[in-house]
Amino acid sequence: MSHTRILALDPGEKRIGLAVSDEMGWTAQGLPTLNSEGIRRDLDHLAAVVKEYQVSRIVVGVPYNQYGELGAAGERAMALIGRIAAHCGLPVEPWDERLTTKQAERLLIEGGVSRA
């Protein structure tokens with residue numbers, strides 16, 4: 001059975017959230033947030049994380065608007081995907097963040113949590 005670790009990124013303007021899966025890809029643990037120090041240093045940091053955790057795939061959260069279009073943050077995330085792929089030499093895939101937001105909202109509503 002092939003084992004693979006996935007690195008998940010949640011990019012912001014000044015910080016990038018990081019999480020890495022277990023070898024089976026079933027659970028993930030958060031890693032320290034990367035405070036951006038410029039694209040070169042950020043890419044070097046991500047490459048070091050890839051090596052340390054033996055990551056074979058990366059996913060990057062991309063914020064689409066409600067109509068499925070990219071805003072400024074989404075365009076930055078898509079540009080980052082290309083830079084990471086070129087620097088790390090791994091498959092890097094976009095992850096539509098709208099789905100996780102909607103799923104979380106649905107679960108909270110089902111659990112009786114007020115929208116307020």
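## Surface and overall make-up

The accessible surface of the chain comes to about 7,900 Å², and carbon and sulfur atoms account for 53% of that area. The structure is a predicted model, and every value in this report was computed from it. Of the 116 residues in the chain, 26% are buried.

The chain holds 3 helices and 5 strands, and when these elements are read along the sequence they give the pattern β-β-β-α-β-α-β-α. If one takes the contacts between residues that are at least 6 apart in sequence, 50% of them join residues at least 24 apart.

## The antiparallel strands

The strands S1 (5-11) and S2 (15-21) pair in the antiparallel sense over 5 bridges, and a hairpin of 3 residues joins S1 to S2. One pair that can be found in the structure is Asp-10 with its bridge partner Gly-17, which belongs to S2.

On S2 there is also a pairing with strand S3 (residues 28-35), where 6 bridges join the two strands and the direction is again given as antiparallel. Here Ala-19 stands opposite Gly-30 in S3. The hairpin of S2 and S3 has 6 residues between the strands, and within this hairpin Gly-25 takes a positive phi near 75°. S2 is mostly covered, since 5 of its 7 residues are buried.

## Helix H2 and its two sides

Helix H2 covers residues 72-88, and its 17 residues should span 24 Å at 1.5 Å a residue; the C-alpha atoms at its ends are 24 Å apart, which agrees with that expectation. The buried residues of H2 are Gly-74, Ala-77, Leu-80, Ile-81, Ile-84 and Cys-88. Seen down the axis of H2, these buried residues fall within an arc of 115°, and therefore they line one face of the helix. On the other side of H2, the residues Ala-72, Glu-75 and Ala-86 are exposed.

What do the buried residues of H2 pack against? Their partners are strand S1, strand S2, helix H1 (39-53), strand S4 (55-62) and strand S5 (92-96). After H2 comes Gly-89, a residue whose phi is positive, near 65°.

## From S4 through H2 to S5

Strands S4 and S5 run parallel and are joined by 5 bridges. Within this pairing, Val-60 has Pro-94 in S5 as its bridge partner. To pass from S4 to S5 the chain crosses through H2, and this β-α-β crossover is right-handed.

## A closer look at Asp-96

Asp-96 lies in strand S5. Is this residue buried or exposed? Its relative accessible area is 18%, and a residue is called buried when that value is under 20%, so Asp-96 is buried. When residues up to four places away in sequence are not counted, Asp-96 touches Val-62 and Tyr-64; of these, Val-62 falls within the range 55-62 given for strand S4.

Conventions. Residues numbered from 1 in each chain as written. Predicted model: local features only at pLDDT ≥ 70, side-chain atom pairs only at ≥ 80, totals over all residues. Heavy atoms only, no water. Helix = DSSP H or I, 4+ residues; strand = E, 2+ residues; numbered from the N terminus. Expected span 1.5 Å × (residues − 1). Buried < 20%, exposed > 50% of the residue type's maximum accessible area, 1.4 Å probe, protein only. Arc of directions from axis to C-beta. Contact = heavy atoms within 4.5 Å. Pairing = 2+ DSSP bridges. Right-handed = clockwise from strand over helix to strand, strands pointing away. Areas by Shrake-Rupley, 256 points an atom, 1.4 Å probe, with all protein chains shown as cover.
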